Amino acid sequence: MEDIRLVGAGWKNVSLVDVVDSVTFTLWLCGCNLRCPFCHNWKLAVNNPERCRLLDIERLLDELNAAKMLVDYLHVTGGEPLVQWYELGRLLRLVKNNIGGRTSVNTNLTLYSPLSRLLKEGLVDHIATDLKLPPEVMYGHDSETASKLWSLYERGLMLVADYGVPLELRIPITKFSKPALVAEYLVKIQPYLSKIGKLIVVVQPLLGEPVTTPRDPEWCKLFCNPDNGLLDGVAETVTKLGFRVRVKKWLSS
Ligand code: SF4
């Protein structure tokens, strides 16, 4: 057994909620380069030792092997999985060579070179990413850094398009996500999205307390938990732009 050193919070052998219309074996890795104020997995993002540990890869592979007939993807999320891209690449290679099946990575798409290496080697079959709008509010960095990260995000989308990888584009909706704002950004990235054969846009509420425990509860009091009417308005706009859309609603609204 190769000595693969990945730090993560664990895995779920069968999940119905992590990739649209798919069953996944979901693995949570630790570490992240963003500081999104709403992040509900922030303990993973900051490598909190209460949640993060060196994973038992042998056990992980045994359990994945046992579950492989039931799942569509090994889905790797976090945190930001590409922070540990080298060891992740070793894991995905091992899975591809010894277990088989498709792989999916949930990434913030701002780590261009790591993604490029994994895609070039054919190790990733599906990408999920958030479209966080506007980046200077949502990334948790100053405006200049957020603007650089946004450029990397656009390059990441270009890469996904170039490799023809199916994409699940999730739009987390805040109380201030007006349909016009979402449309403005979708038009900006339309040149990349139009080249992606298999694309679904997921409109979903950004949830705060009491459903999640966000990194910055005060920020979330202001921005999180939009009402369902806003989700419908955004979904209508996205549909009019020609995208296939799925809306995930907040049940208690
Ligand atoms: S929401 Fe995602 S990208 Fe943002 S800090 Fe959390 S794990 Fe990182």
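Two exercises follow, on a pocket and a helix of a predicted model.

Local features need pLDDT of at least 70, side-chain atom pairs count only at pLDDT 80 or more, and totals for chains, interfaces and linings use all residues. Residues are numbered from 1 along each chain as its sequence is written, and side-chain values use heavy atoms, without hydrogens and water.

**Exercise 1.** Describe the largest pocket and its lining.

*Solution.*
1. Take the volume: about 1,100 Å³. A pocket here is an open set of points on a 1 Å grid where a 1.4 Å probe fits, with protein on both sides within 12 Å along at least five of seven lines. Lining residues have an atom within 4 Å of a point.
2. Find the centre. Of 39 lining residues, the closest to it are His40, Asn41, Asn106, Arg170 and Gln204.
3. Trace the elements, which are DSSP runs (helices H or I, at least four residues; strands E, at least two). Strand S1 (7–15) is among those giving two or more residues. S1 has the largest share, three residues.
4. Sort the lining: 16 nonpolar, 13 polar and ten charged.

**Exercise 2.** Check the span of helix H3 and find what its buried residues pack against.

*Solution.*
1. H3 covers residues 85–98, 14 in number. The expected span is 1.5 Å times one less than the number of residues. That gives 20 Å; the end C-alpha atoms are 19 Å apart, which agrees.
2. List the buried residues (under 20% relative accessible area, 1.4 Å probe, protein chains only). They are Glu87, Leu88, Gly89, Arg90, Leu91, Leu92, Leu94 and Val95.
3. Name their partners: strand S2 (24–29), helix H2 (57–67), S4, strand S5 (102–106) and helix H4 (112–120).
4. Look past the helix. Gly100 follows H3, with a positive phi near 90 degrees.

Terms used: Points joined across faces, edges and corners; volume = space filled by probe spheres on them. Nonpolar A, V, L, I, M, F, W, Y, C, P; charged D, E, K, R; others polar. Buried < 20%, exposed > 50% of the residue type's maximum accessible area, 1.4 Å probe, protein only. Contact = heavy atoms within 4.5 Å.
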